[in-house]
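Student: I would like a close look at the nonpolar core of this protein. Please take one part of the model and work outward from there.

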Amino acid sequence: MGLLATLLILLASGEALPPLPAIAWGAVAGLSGVIGLGAFYAALSRGTMGLIAPLAALIGASLPAIVAIAGGEELGALRLGGIALGLLAVVLISLPGGERTAAERRAVRIDLAELPLVLISGLGFAGFYLFLDRAANEGGETWWPLLAVRGVGFCVIVGVVLLLLARDRGRTLRQRADTLFGLSRLRLAGVGLLSLAPPLLLAGAGDLGGNAFFVLANAEGALAVAVVLSSLYPVVTTVLAAIFLGERLRPLQFVGIGLAVLAVVLIGR
């Protein structure tokens, strides 16, 4: 749906076809983003979500900021301080704490063997930002690079799904699809596929909107600023969870929210 929506918006916008290098860098950004997401979800499936989120976010945000500043981006002292506070806020808001059960305590531990997933995830996210910035530098505007991102992501995901379906030849295709997509668990929970459509569409729209707004923000200002501000999403998620789900915020999370607000003020000056 994201690919189709991007194509429709592109056609409606009338955006001119950019040079081939811009589309190529957009495609590389899409590949990098899919690899980062794949490593991220692989880590989540192993129960290390308590540490993968802050570490991946820190790597994904700090590396492009460092590259941009080393490449000559001129930022004042206030903006540099805001960037540092923003990175610290992401970590504080995502750090585990208050775990009560053994399963919750296992979720915030990470084995050395799982560190590559953290690095791959963070580097994938960082590459996504850097390669989209390169696409912009090569003449890409907004929707053509994002179409390349979505196209490559769609092809990679379809390829992985087909590979997983073809791997287990001892069962029927329907049984393999049931295991891969968790269809039996959905049926047991009384959840129909049609009922999943609205949240999936909403999630896709949010993802596409986030990508588009990053491209627009990067076109208006420094890459380091756009990346760090884009990486403050854990703060918004935590606040929304407290408002709508009644989750209690820990002291460190309150500190992280305060630092995030201060970071936005400093960066915006």
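Tutor: The model is a predicted one. A short frame comes before the core. The protein chain has 13 helices and zero strands, and 37% of its 269 residues count as buried. Among contacts between residues at least 6 apart in sequence, 82% join residues at least 24 apart. The chain exposes about 15,200 Å², and carbon and sulfur atoms supply 70% of that area.

Now the core itself. In soluble globular proteins, nonpolar side chains tend to be buried together. In this model the largest nonpolar core has 27 residues, and I83, L132 and F214 have the most contacts inside it. Two or more residues each come from α3 (49–70), α4 (77–94), α6 (115–137), α7 (143–167), α10 (193–220) and α11 (223–230). Helix α11 gives the largest share, six residues.

I83 is a convenient place to start. Leaving out residues up to four places away in sequence, I83 touches L75, A224, V225, V228 and I267. One of these partners, V225, lies in helix α11. V225 counts as buried because its relative accessibility is 8%, under the 20% limit. Beyond its neighbours within four places in sequence, V225 is in contact with L75, R79, I83 and I267. L75 and I267 therefore appear in the contact lists of both I83 and V225, where contact means heavy atoms within 4.5 Å. V225 also sits 9.6 Å from A68, C-alpha to C-alpha, although 157 residues separate the two in sequence.

I267 leads to the last helix of the chain. Helix α13 covers residues 251–267, and its 17 residues reach 24 Å from first to last C-alpha, close to the 24 Å expected at 1.5 Å a residue. Its buried residues are Q253, G256, I257, L259, A260, A263, L266 and I267. An α-helix has 3.6 residues a turn, so residues three or four places apart point the same way. The buried residues of α13 pack against α4, α11 and α12 (233–244).

The other two residues named with I83, L132 and F214, turn attention to another part of the core. F214 forms a ring pair with Y129: the centres are 4.8 Å apart and the planes stand at 55 degrees, so the pair is tilted. This pair links distant parts of the chain, with Y129 in helix α6 and F214 in helix α10, 85 residues apart. Both Y129 and F214 are buried. Helix α6 itself has 23 residues, which should span 33 Å at 1.5 Å a residue, and its end C-alpha atoms are 33 Å apart, in agreement. After α6 comes G139, which has a positive phi, near 110 degrees.

The tilted pair is one of five aromatic pairs in the structure. Another joins F40 and Y41, with ring centres 5.8 Å apart and planes at 75 degrees, so that pair is edge-to-face. Here the two partners differ in cover: F40 is buried at a relative accessible area of 17%, whereas Y41 is exposed at 52%. Ring pairs link F40 and Y41 with F125 into a cluster.

Two charged residues complete the picture of what is buried. R150 is found in helix α7 and is buried, with a relative accessible area of 16%. Its side chain makes a polar contact with the side chain of N211 at 3.0 Å. Not counting residues up to four places away in sequence, R150 touches G2, L3, T6, D207, L208 and N211.

E15 lies in the loop between α1 (2–13) and α2 (20–45), and is buried as well, with a relative accessible area of 13%. The side chain of E15 reaches the backbone nitrogen of W143 at 3.1 Å. Outside its neighbours within four places in sequence, E15 is in contact with L10, E141, T142, W143, W144 and P145. E15 and T142 are 127 residues apart in sequence, yet their C-alpha atoms are 8.2 Å apart in space.

Methods:
Residues numbered from 1 in each chain as written. Predicted model: local features only at pLDDT ≥ 70, side-chain atom pairs only at ≥ 80, totals over all residues. Heavy atoms only, no water. Helix = DSSP H or I, 4+ residues; strand = E, 2+ residues; numbered from the N terminus. Buried < 20%, exposed > 50% of the residue type's maximum accessible area, 1.4 Å probe, protein only. Areas by Shrake-Rupley, 256 points an atom, 1.4 Å probe, with all protein chains shown as cover. Core = buried A, V, L, I, M, F, W, Y, C linked by side-chain atoms within 4.5 Å. Expected span 1.5 Å × (residues − 1). Phe/Tyr/Trp six-rings, centres within 6.5 Å; stacked < 30°, edge-to-face > 60°. Polar contact = N/O pair within 3.5 Å; in protein donor to acceptor, adjacent residues only side chain to side chain.
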